[in-house]
Amino acid sequence: MIDLNPIPVTQADVSALKPGIHDPIVFGKNPTSHMLQAVFSDGSWNSAAIVPFGDITLSPLALCLHYGQTVFEGFKAYRHAAGGISIFRMERHFQRINQSLYRMAMPELSEELFLKGIRQLVALEKDWVPSDPDASLYIRPFVFASEPRLGVKGASEYRFMVVCMPMGKYYDQNVSVKVETGFVRAVDGGTGAAKCGGNYAAAILPTQLANREGYDQLIWTDAIHHEYMEESGTMNLMFVIDGKLITPALSGNILDGVTRDSILTLAQDLGIPVEERKISYRELIAAFEAGKEIEAFGVGTAAVISPIDRIGINGKDYFPSVQDDCLFYSLKNELQDIRTGKVRDRHGWNTLV
Ligand SMILES: Cc1ncc(COP(=O)(O)O)c(C=O)c1O
């Protein structure tokens, strides 16, 4: 029987990893001192424990290493100016990890294990949550097939782990993107809406090729027409054209981004017309050629909003606006102010730790 009340903790040796040790903070490299882990075996999740951060052992026959049954999430905890710490839209990330797990034929997590376990871990690591209002504690839950036995099949043993790491101030760097019309990321009936490792692995080569052409990221297009824009790297895609906020509709081929949903909700609060629909690069070119002022940006947990200042389409570059009065800046500020408790959390997005 899984013991979650509370999850047993083995304290880390604080002289090894302690808050402030990572200076400067490099995203992805600097874990906090504890991690959460649980094992799925004999048909249920058990052995939940919070232990010192450290290496894990895995058989070379572990199924995840061969057939790629891996799923993950990413979200953040913020320190409020008035004191206290909150985790942003944790329930929605919980629903999404279970949708990804279902698609990858992996066992779903219980609310108890995911929500309570992560709250307990973040409470233990509270001193690691940065006080800089633009910084946060990044939380990375993940599940992988650990059964040591070759053969393409659903595993009988999985591990769930959660690691955390402080994330420094994210400067608004503009990004350049290339509309990709050869490689595809997702196709109807595939895994595009799941946050599974394979989606990211398959994106690396096309992204590297675009990097060589001088672009930071790709905009993926649909697999049939190579024309309708889907998403970009680890961000959902948004445009402002004729005062309307336009974003590709959820089709099963893109990730149902939590930041996407938050920005659409805030835009509606502000009375900005929102369209969730297909948008082709031809429509975008026509808008640029008509001389319209266009905003383009990516939205996601890591960067919040990344302004796009150059879009390469079939060998020609187009230049969206990144002026100070762009709409995306006010949406970004509003979202940040909710996450850090500066304005009222009117949608109930913050879980206090
Ligand atoms: C492929 C992909 N699209 C979109 C997003 C943005 O999603 P979210 O806002 O939930 O972080 C991410 C990041 O998780 C991603 O990996």
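**Strands, helices and a few odd phi angles**

Strand 11 and strand 12 make a hairpin with 2 residues between them, and D242 in that turn sits at a positive phi of about 55 degrees. Strands here are DSSP runs of E with at least two residues, helices are runs of H or I with at least four residues, and both are numbered from the N terminus. Two strands count as paired if DSSP finds at least two bridges between them. The model is a predicted one, where local features need pLDDT of at least 70 and side-chain atom pairs count only at pLDDT 80 or more, while totals for chains, interfaces and linings use all residues. Residues are numbered from 1 along each chain as its sequence is written, and side-chain values use heavy atoms, with hydrogens and water left out.

Back to the hairpin: strand 11 covers residues 235–241, strand 12 covers residues 244–247, and the two run antiparallel over 3 bridges. V240 has L245 as its bridge partner in strand 12. Strand 11 also pairs with strand 14 (residues 295–300), again in the antiparallel sense, through 5 bridges; here F239 is partnered by A296. Then there is strand 10 (residues 231–232), joined to strand 11 by 2 bridges and antiparallel to it, with E231 matched to N236. Strand 10 and strand 11 form a hairpin too, with 2 residues between the strands and a positive phi near 55 degrees at G233. As for cover, 7 of the 7 residues of strand 11 are buried, that is, under 20% relative accessible area, with exposed meaning over 50% and partly exposed in between (1.4 Å probe, protein chains only).

A second set of pairings centres on strand 4 (residues 75–79), which has 4 of its 5 residues buried. Strand 4 is antiparallel to strand 6 (residues 136–145), with 3 bridges, and F75 stands opposite I139 of strand 6. Another 3 bridges tie strand 4 to strand 5 (residues 85–88), also antiparallel, with A77 facing I87 as its bridge partner. The hairpin of strand 4 and strand 5 has 5 residues between the strands, and G83 takes a positive phi near 100 degrees.

On the helical side, helix 5 (residues 258–269) and helix 7 (residues 327–339) bring their axes within 10 Å and cross at roughly 110 degrees. Axes are lines fitted to C-alpha atoms, for helices over the stretch in contact, and angles run from 0 to 180 degrees between N-to-C directions. Helix 5 and helix 7 are therefore roughly perpendicular (65 to 115 degrees; under 35 is roughly parallel, over 145 roughly antiparallel, the rest oblique). Helix 5 puts T259, S262, I263, L266 and A267 into the contact (heavy atoms within 4.5 Å), and helix 7 answers with L331, E334, L335, I338 and R339.

Helix 3 (residues 111–124) has 14 residues, so at 1.5 Å a residue it should span 20 Å, and the 19 Å between its end C-alpha atoms agrees; the expected span is 1.5 Å times one less than the number of residues. Its buried residues are L113, F114, L115, G117, I118, Q120, L121 and V122.

Two loop residues deserve a mention. A105, not a glycine, has a positive phi of about 55 degrees; A105 sits in the loop between helix 2 (90–103) and helix 3 and is exposed at 55% relative accessibility. H226, also not a glycine, has a positive phi of about 55 degrees. H226 lies between strand 9 (217–220) and strand 10, partly exposed at 24%.
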